[in-house]
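Trainee: I would like to take a close look at a single part of this model and then see how a few other parts are described in the same careful way.

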Amino acid sequence: MLYKNRLLTPGPTPLPERVRLVMAGDMIHHRKPAFKALLGRVREGLAEIFGTAQPVLPLAASGTGAMTAAVTNLFAPGEKVLVVEGGMFGKRWTEIATGFGLRVTVLPVEWGFAVAPETVAAALDADPEIRGVLMQLSETSTTAQHPIEAVAAITRKLDLLLLVDGISGVGITPCPMDAWGIDCLLTGSQKGLMLPPGLALIALSERAWKKAEGLSCASFYFNLCKERENSGKNQTAFTPAISLIVGLAESLEMFREFGLENIYRKQWALTQMVRTGISALGLTLLAPKDPAWGVTGLRLPEGVAAPTLLARAADDYGVIMAAGQGEIKDKAIRIGHMGWVDFADMLAGLAALAGAFRACGGYLGCRNYLEQAEVAYHEALTRGYKRIPS
(Lines give C-alpha, C1' and ligand atoms only; values in the text may rest on other atoms or scores of the structure.)
Protein backbone atom coordinates (compact mmCIF):
# COMPACT_ATOMS: atom_id res chain seq x y z
CA MET A 1 0.00 0.00 0.00
CA LEU A 2 1.05 3.56 -0.60
CA TYR A 3 1.11 5.77 2.48
CA LYS A 4 2.73 9.04 3.39
CA ASN A 5 5.37 8.02 5.94
CA ARG A 6 4.98 9.86 9.23
CA LEU A 7 7.92 9.94 11.61
CA LEU A 8 6.34 10.19 15.07
CA THR A 9 9.32 9.22 17.20
CA PRO A 10 10.80 11.26 20.06
CA GLY A 11 13.77 12.11 17.86
CA PRO A 12 14.81 12.40 15.18
CA THR A 13 11.76 14.31 14.05
CA PRO A 14 10.45 15.38 10.61
CA LEU A 15 12.24 18.17 8.75
CA PRO A 16 10.42 21.13 7.19
CA GLU A 17 10.92 21.32 3.45
CA ARG A 18 12.42 24.81 3.65
CA VAL A 19 15.02 23.58 6.15
CA ARG A 20 15.93 20.62 3.94
CA LEU A 21 16.24 22.84 0.88
CA VAL A 22 18.48 25.43 2.51
CA MET A 23 20.81 22.69 3.77
CA ALA A 24 21.13 21.42 0.20
CA GLY A 25 22.78 24.66 -0.89
CA ASP A 26 26.44 25.20 -1.69
CA MET A 27 28.94 24.74 1.12
CA ILE A 28 30.37 27.86 2.72
CA HIS A 29 33.62 28.27 4.63
CA HIS A 30 33.36 28.60 8.38
CA ARG A 31 36.10 31.26 8.69
CA LYS A 32 34.69 33.63 6.06
CA PRO A 33 32.31 36.63 6.46
CA ALA A 34 29.21 34.80 5.18
CA PHE A 35 29.38 32.19 7.94
CA LYS A 36 30.19 34.78 10.61
CA ALA A 37 27.09 36.76 9.65
CA LEU A 38 25.01 33.58 9.67
CA LEU A 39 26.25 32.53 13.10
CA GLY A 40 25.50 36.01 14.44
CA ARG A 41 21.85 35.64 13.41
CA VAL A 42 21.72 32.15 14.88
CA ARG A 43 23.08 33.38 18.20
CA GLU A 44 20.29 35.95 18.45
CA GLY A 45 17.58 33.37 17.73
CA LEU A 46 19.00 30.84 20.16
CA ALA A 47 19.16 33.42 22.95
CA GLU A 48 15.41 33.97 22.57
CA ILE A 49 14.55 30.26 22.63
CA PHE A 50 16.83 29.57 25.61
CA GLY A 51 15.63 32.71 27.37
CA THR A 52 19.11 33.92 28.22
CA ALA A 53 21.42 36.89 27.82
CA GLN A 54 24.39 34.50 27.85
CA PRO A 55 25.85 33.02 24.65
CA VAL A 56 24.37 29.75 23.41
CA LEU A 57 27.26 27.69 22.08
CA PRO A 58 26.96 25.22 19.18
CA LEU A 59 28.98 21.99 19.36
CA ALA A 60 29.41 19.46 16.56
CA ALA A 61 28.10 16.58 18.66
CA SER A 62 24.93 14.85 19.79
CA GLY A 63 23.13 16.05 22.88
CA THR A 64 25.24 13.65 24.93
CA GLY A 65 28.26 15.70 23.91
CA ALA A 66 26.70 18.77 25.52
CA MET A 67 25.96 16.75 28.67
CA THR A 68 29.61 15.71 28.75
CA ALA A 69 30.76 19.30 28.21
CA ALA A 70 28.56 20.48 31.07
CA VAL A 71 30.05 18.01 33.53
CA THR A 72 33.68 18.44 32.51
CA ASN A 73 33.53 22.25 32.52
CA LEU A 74 31.55 22.83 35.70
CA PHE A 75 32.96 20.30 38.16
CA ALA A 76 36.31 18.92 39.24
CA PRO A 77 36.91 15.22 39.85
CA GLY A 78 36.02 14.40 43.43
CA GLU A 79 33.19 16.91 43.74
CA LYS A 80 29.80 15.55 44.67
CA VAL A 81 26.61 16.00 42.64
CA LEU A 82 23.00 14.94 42.97
CA VAL A 83 21.47 13.21 39.94
CA VAL A 84 17.70 13.01 39.58
CA GLU A 85 17.37 9.57 38.02
CA GLY A 86 13.87 8.90 36.73
CA GLY A 87 14.68 7.14 33.47
CA MET A 88 17.37 6.18 30.99
CA PHE A 89 18.61 9.73 30.47
CA GLY A 90 18.82 10.41 34.18
CA LYS A 91 21.05 7.35 34.28
CA ARG A 92 23.13 8.92 31.51
CA TRP A 93 23.91 11.88 33.77
CA THR A 94 25.07 9.36 36.39
CA GLU A 95 27.27 7.52 33.90
CA ILE A 96 28.89 10.70 32.60
CA ALA A 97 29.51 12.12 36.06
CA THR A 98 30.85 8.85 37.45
CA GLY A 99 33.11 8.38 34.44
CA PHE A 100 34.59 11.82 35.04
CA GLY A 101 35.38 10.99 38.65
CA LEU A 102 32.58 12.84 40.40
CA ARG A 103 30.96 11.43 43.49
CA VAL A 104 27.32 10.86 42.61
CA THR A 105 24.33 10.71 44.90
CA VAL A 106 21.40 9.24 42.98
CA LEU A 107 17.89 10.45 43.74
CA PRO A 108 15.68 7.69 42.29
CA VAL A 109 12.28 8.63 40.87
CA GLU A 110 9.60 6.14 39.85
CA TRP A 111 9.57 5.84 36.07
CA GLY A 112 6.74 7.87 34.55
CA PHE A 113 6.62 10.42 37.35
CA ALA A 114 8.26 13.78 38.04
CA VAL A 115 10.53 14.36 40.99
CA ALA A 116 8.97 16.17 43.94
CA PRO A 117 10.84 19.45 44.63
CA GLU A 118 10.68 18.83 48.38
CA THR A 119 12.48 15.51 47.83
CA VAL A 120 15.28 17.35 46.07
CA ALA A 121 15.44 19.88 48.89
CA ALA A 122 15.62 17.13 51.50
CA ALA A 123 18.46 15.36 49.66
CA LEU A 124 20.43 18.59 49.44
CA ASP A 125 19.83 19.50 53.06
CA ALA A 126 21.05 16.05 54.11
CA ASP A 127 24.40 16.42 52.34
CA PRO A 128 26.11 19.84 52.31
CA GLU A 129 28.95 18.43 50.18
CA ILE A 130 26.73 18.34 47.07
CA ARG A 131 27.77 21.08 44.65
CA GLY A 132 25.25 20.63 41.86
CA VAL A 133 22.02 19.01 40.66
CA LEU A 134 21.82 17.22 37.31
CA MET A 135 18.42 16.42 35.84
CA GLN A 136 16.18 16.34 32.78
CA LEU A 137 13.53 18.82 31.77
CA SER A 138 11.72 16.10 29.84
CA GLU A 139 12.72 12.49 30.55
CA THR A 140 12.28 11.14 27.03
CA SER A 141 12.41 7.50 28.06
CA THR A 142 9.41 7.75 30.40
CA THR A 143 7.60 10.75 28.83
CA ALA A 144 7.47 12.58 32.17
CA GLN A 145 8.41 16.22 32.74
CA HIS A 146 10.23 17.50 35.82
CA PRO A 147 9.38 20.76 37.70
CA ILE A 148 12.54 22.65 36.74
CA GLU A 149 11.34 26.07 37.90
CA ALA A 150 10.66 24.78 41.42
CA VAL A 151 13.97 22.93 41.64
CA ALA A 152 15.83 26.00 40.37
CA ALA A 153 14.38 28.05 43.23
CA ILE A 154 15.92 25.53 45.64
CA THR A 155 19.36 25.45 44.03
CA ARG A 156 19.56 29.24 43.81
CA LYS A 157 18.80 29.54 47.52
CA LEU A 158 21.56 27.03 48.35
CA ASP A 159 24.02 28.48 45.81
CA LEU A 160 24.30 25.19 43.94
CA LEU A 161 24.56 24.72 40.19
CA LEU A 162 21.54 23.31 38.33
CA LEU A 163 22.31 21.50 35.07
CA VAL A 164 19.29 20.73 32.89
CA ASP A 165 19.15 18.37 29.93
CA GLY A 166 16.57 20.04 27.71
CA ILE A 167 17.19 17.81 24.70
CA SER A 168 13.51 16.92 24.31
CA GLY A 169 12.25 20.15 25.88
CA VAL A 170 13.90 23.25 24.40
CA GLY A 171 11.68 24.77 21.74
CA ILE A 172 8.85 22.50 22.92
CA THR A 173 7.96 23.57 26.44
CA PRO A 174 8.65 26.83 28.31
CA CYS A 175 12.01 26.78 30.08
CA PRO A 176 13.35 30.36 30.30
CA MET A 177 16.86 29.87 31.56
CA ASP A 178 17.57 33.28 33.12
CA ALA A 179 14.08 33.86 34.54
CA TRP A 180 14.04 30.48 36.26
CA GLY A 181 17.66 30.55 37.41
CA ILE A 182 19.00 27.55 35.49
CA ASP A 183 22.80 27.41 35.45
CA CYS A 184 23.26 25.16 32.43
CA LEU A 185 20.68 24.40 29.76
CA LEU A 186 21.47 22.18 26.79
CA THR A 187 19.71 20.60 23.86
CA GLY A 188 20.21 18.73 20.60
CA SER A 189 19.23 19.58 17.06
CA GLN A 190 17.03 16.61 16.16
CA LYS A 191 13.92 17.28 18.26
CA GLY A 192 12.14 20.59 18.80
CA LEU A 193 14.56 22.50 16.57
CA MET A 194 13.51 20.51 13.46
CA LEU A 195 17.00 19.55 12.25
CA PRO A 196 18.92 16.34 11.62
CA PRO A 197 21.00 14.95 14.49
CA GLY A 198 24.56 16.12 15.00
CA LEU A 199 24.39 19.56 16.60
CA ALA A 200 24.40 20.22 20.34
CA LEU A 201 23.68 23.59 21.95
CA ILE A 202 24.61 24.68 25.46
CA ALA A 203 24.39 27.83 27.57
CA LEU A 204 25.74 28.66 31.04
CA SER A 205 24.58 31.21 33.58
CA GLU A 206 26.85 33.97 34.85
CA ARG A 207 27.66 32.09 38.03
CA ALA A 208 28.27 28.89 36.06
CA TRP A 209 30.78 30.76 33.91
CA LYS A 210 32.56 31.94 37.05
CA LYS A 211 32.84 28.33 38.19
CA ALA A 212 34.10 27.21 34.77
CA GLU A 213 36.70 29.98 34.67
CA GLY A 214 38.15 28.74 37.95
CA LEU A 215 38.58 25.17 36.74
CA SER A 216 41.03 23.60 34.33
CA CYS A 217 38.82 22.00 31.69
CA ALA A 218 39.68 18.33 31.27
CA SER A 219 38.49 18.22 27.66
CA PHE A 220 40.43 19.66 24.74
CA TYR A 221 37.42 19.60 22.42
CA PHE A 222 34.58 20.39 24.83
CA ASN A 223 36.27 23.48 26.28
CA LEU A 224 33.41 25.91 26.81
CA CYS A 225 35.58 28.87 27.81
CA LYS A 226 37.42 28.52 24.51
CA GLU A 227 34.10 28.25 22.68
CA ARG A 228 32.74 31.36 24.41
CA GLU A 229 35.83 33.35 23.41
CA ASN A 230 35.29 32.42 19.76
CA SER A 231 31.55 32.94 19.97
CA GLY A 232 32.10 36.63 20.66
CA LYS A 233 33.67 36.83 17.20
CA ASN A 234 30.84 34.81 15.58
CA GLN A 235 33.18 31.87 15.26
CA THR A 236 33.60 28.41 16.76
CA ALA A 237 36.75 26.96 18.30
CA PHE A 238 36.74 24.01 15.91
CA THR A 239 35.17 23.15 12.57
CA PRO A 240 31.40 23.46 13.10
CA ALA A 241 28.57 21.43 11.61
CA ILE A 242 28.16 24.03 8.87
CA SER A 243 25.14 22.59 7.07
CA LEU A 244 23.29 22.05 10.34
CA ILE A 245 23.91 25.64 11.38
CA VAL A 246 22.63 26.79 7.98
CA GLY A 247 19.50 24.72 8.62
CA LEU A 248 19.28 26.06 12.17
CA ALA A 249 19.18 29.63 10.87
CA GLU A 250 16.15 28.67 8.77
CA SER A 251 14.34 26.84 11.57
CA LEU A 252 14.92 29.80 13.89
CA GLU A 253 13.37 32.04 11.25
CA MET A 254 10.31 29.77 11.34
CA PHE A 255 10.20 30.18 15.11
CA ARG A 256 10.25 33.95 14.67
CA GLU A 257 7.47 33.88 12.08
CA PHE A 258 5.15 31.69 14.11
CA GLY A 259 6.09 33.04 17.54
CA LEU A 260 7.50 31.09 20.44
CA GLU A 261 4.35 31.40 22.54
CA ASN A 262 2.25 30.05 19.67
CA ILE A 263 4.60 27.10 19.37
CA TYR A 264 4.18 26.34 23.05
CA ARG A 265 0.40 26.55 22.68
CA LYS A 266 0.52 24.11 19.77
CA GLN A 267 2.77 21.71 21.69
CA TRP A 268 0.50 21.76 24.73
CA ALA A 269 -2.56 21.17 22.52
CA LEU A 270 -0.92 18.22 20.76
CA THR A 271 0.04 16.78 24.14
CA GLN A 272 -3.55 16.99 25.38
CA MET A 273 -4.81 15.56 22.11
CA VAL A 274 -2.61 12.47 22.19
CA ARG A 275 -3.12 11.81 25.89
CA THR A 276 -6.89 12.09 25.49
CA GLY A 277 -6.89 9.76 22.49
CA ILE A 278 -4.83 7.13 24.31
CA SER A 279 -7.04 7.29 27.38
CA ALA A 280 -10.19 7.11 25.23
CA LEU A 281 -8.85 3.90 23.70
CA GLY A 282 -8.70 2.42 27.18
CA LEU A 283 -4.91 2.28 27.23
CA THR A 284 -2.73 3.28 30.17
CA LEU A 285 -0.59 6.42 30.03
CA LEU A 286 3.07 5.90 30.88
CA ALA A 287 3.25 9.30 32.64
CA PRO A 288 -0.18 9.68 34.27
CA LYS A 289 0.32 13.03 36.04
CA ASP A 290 3.42 14.85 34.79
CA PRO A 291 3.34 14.83 30.97
CA ALA A 292 6.18 15.80 28.72
CA TRP A 293 5.03 18.19 26.02
CA GLY A 294 6.83 16.54 23.12
CA VAL A 295 6.31 12.81 23.61
CA THR A 296 3.55 10.66 25.09
CA GLY A 297 3.96 7.08 26.22
CA LEU A 298 1.55 4.24 26.92
CA ARG A 299 1.89 0.89 28.64
CA LEU A 300 0.85 -2.16 26.64
CA PRO A 301 -1.27 -4.91 28.20
CA GLU A 302 -0.02 -8.46 28.51
CA GLY A 303 -0.06 -10.28 25.22
CA VAL A 304 0.79 -7.28 23.04
CA ALA A 305 4.51 -6.69 22.42
CA ALA A 306 5.90 -3.32 21.36
CA PRO A 307 8.09 -4.60 18.47
CA THR A 308 5.13 -6.38 16.86
CA LEU A 309 2.79 -3.42 17.22
CA LEU A 310 5.37 -0.97 15.88
CA ALA A 311 5.99 -3.15 12.84
CA ARG A 312 2.27 -3.32 12.06
CA ALA A 313 1.88 0.46 12.45
CA ALA A 314 4.78 1.05 10.06
CA ASP A 315 3.84 -1.58 7.49
CA ASP A 316 0.08 -1.05 7.47
CA TYR A 317 -0.16 2.70 8.07
CA GLY A 318 3.25 4.24 7.33
CA VAL A 319 3.48 5.59 10.89
CA ILE A 320 6.82 5.22 12.67
CA MET A 321 6.65 5.30 16.47
CA ALA A 322 9.12 4.18 19.15
CA ALA A 323 9.26 1.47 21.78
CA GLY A 324 10.02 2.11 25.41
CA GLN A 325 13.56 2.06 26.74
CA GLY A 326 15.40 0.09 29.37
CA GLU A 327 13.19 -2.00 31.62
CA ILE A 328 10.02 -1.11 29.66
CA LYS A 329 11.49 -1.61 26.18
CA ASP A 330 8.98 -4.24 25.02
CA LYS A 331 6.11 -3.07 27.21
CA ALA A 332 5.58 0.53 26.11
CA ILE A 333 5.08 2.72 23.05
CA ARG A 334 6.25 6.31 22.75
CA ILE A 335 4.61 8.70 20.28
CA GLY A 336 6.56 11.83 19.40
CA HIS A 337 4.72 15.08 18.78
CA MET A 338 7.49 17.66 18.78
CA GLY A 339 8.89 19.90 16.08
CA TRP A 340 7.45 19.75 12.55
CA VAL A 341 4.28 17.77 13.31
CA ASP A 342 0.68 18.92 13.45
CA PHE A 343 -2.91 18.00 14.21
CA ALA A 344 -3.32 15.79 11.12
CA ASP A 345 -0.14 13.85 11.90
CA MET A 346 -1.42 13.01 15.36
CA LEU A 347 -4.81 11.90 14.04
CA ALA A 348 -2.92 9.53 11.76
CA GLY A 349 -0.74 8.40 14.65
CA LEU A 350 -3.69 7.60 16.91
CA ALA A 351 -5.49 5.75 14.11
CA ALA A 352 -2.35 3.72 13.38
CA LEU A 353 -1.96 2.92 17.06
CA ALA A 354 -5.54 1.67 17.30
CA GLY A 355 -5.37 -0.33 14.08
CA ALA A 356 -2.04 -1.95 14.91
CA PHE A 357 -3.24 -2.74 18.44
CA ARG A 358 -6.29 -4.57 17.11
CA ALA A 359 -4.15 -6.40 14.54
CA CYS A 360 -1.97 -7.64 17.40
CA GLY A 361 -4.98 -9.12 19.16
CA GLY A 362 -5.68 -6.29 21.55
CA TYR A 363 -9.24 -5.28 22.40
CA LEU A 364 -10.41 -1.68 22.14
CA GLY A 365 -13.98 -0.84 23.06
CA CYS A 366 -14.01 2.86 22.19
CA ARG A 367 -15.02 4.01 18.71
CA ASN A 368 -14.97 7.81 19.09
CA TYR A 369 -11.38 8.22 20.33
CA LEU A 370 -10.49 10.48 17.38
CA GLU A 371 -13.42 12.78 18.11
CA GLN A 372 -12.42 13.01 21.77
CA ALA A 373 -8.81 13.73 20.78
CA GLU A 374 -9.92 16.47 18.38
CA VAL A 375 -12.06 18.16 21.05
CA ALA A 376 -9.15 18.04 23.52
CA TYR A 377 -6.84 19.63 20.95
CA HIS A 378 -9.11 22.57 20.17
CA GLU A 379 -10.01 23.17 23.81
CA ALA A 380 -6.35 23.23 24.83
CA LEU A 381 -5.43 25.48 21.92
CA THR A 382 -8.22 27.90 22.82
CA ARG A 383 -7.58 28.02 26.56
CA GLY A 384 -3.80 28.16 26.34
CA TYR A 385 -1.22 26.30 28.38
CA LYS A 386 -0.81 29.00 31.04
CA ARG A 387 -4.35 28.46 32.29
CA ILE A 388 -4.15 24.69 32.45
CA PRO A 389 -2.33 23.04 35.37
CA SER A 390 0.27 20.51 34.31
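Trainee: In which loop does Thr 13 lie?

Mentor: Bearing in mind that this is a predicted model, Thr 13 is found in the loop that runs between β1 (6-7) and α1 (17-23). Its relative accessibility is 4%, and because buried means under 20%, Thr 13 counts as buried. Leaving aside residues up to four places away in sequence, Thr 13 touches Leu 7, Gln 190, Lys 191, Met 194 and Met 338. With Lys 191 there is also a polar contact, in which a polar atom of the Thr 13 side chain lies 3.0 Å from the backbone oxygen of Lys 191. Tyr 3, by comparison, is 10 residues from Thr 13 in sequence, and the two C-alpha atoms are 18 Å apart in space.

Burial can be followed further with the cysteines. Cys 184 has a relative accessible area of 0% and is therefore buried, while Cys 360, at 19% relative accessibility, also counts as buried, because the cut-off is under 20%. With a disulfide taken as a pair of cysteine sulfur atoms within 2.5 Å, the count comes to 0 disulfides. Cys 184 accordingly takes part in no disulfide, and the nearest cysteine sulfur to its own, which belongs to Cys 175, is 11 Å away.

A further part to examine is a pair of helices, α8 (residues 206-213) and α9 (residues 224-231), whose axes come within 10 Å and cross at roughly 120°. That angle makes α8 oblique to α9, because it falls outside the ranges for roughly parallel, roughly antiparallel and roughly perpendicular. On the α8 side the contact is made by Trp 209, Ala 212 and Glu 213, which meet Leu 224, Cys 225 and Arg 228 in α9. Sorted by character, the residues of this contact comprise 4 nonpolar and 2 charged, with no polar ones.

Methods:
Residues are numbered from 1 along each chain as its sequence is written. This is a predicted model: local features need pLDDT of at least 70, side-chain atom pairs count only at pLDDT 80 or more; totals for chains, interfaces and linings use all residues. Side-chain values use heavy atoms; hydrogens and water are left out. Axes are lines fitted to C-alpha atoms, for helices over the stretch in contact, and angles run from 0 to 180 degrees between N-to-C directions. Helices (H or I, at least four residues) and strands (E, at least two) are DSSP runs, numbered from the N terminus. Angles under 35 degrees count as roughly parallel, over 145 as roughly antiparallel, 65 to 115 as roughly perpendicular and the rest as oblique. Contact means heavy atoms within 4.5 Å. Ala, Val, Leu, Ile, Met, Phe, Trp, Tyr, Cys and Pro count as nonpolar, Asp, Glu, Lys and Arg as charged, and the others, Gly among them, as polar. Buried means under 20% relative accessible area, exposed over 50%, partly exposed in between (1.4 Å probe, protein chains only). A polar contact is a pair of N or O atoms within 3.5 Å; within protein, one must be able to donate a hydrogen and the other to accept it, and residues adjacent in sequence count only if both atoms are side-chain atoms.
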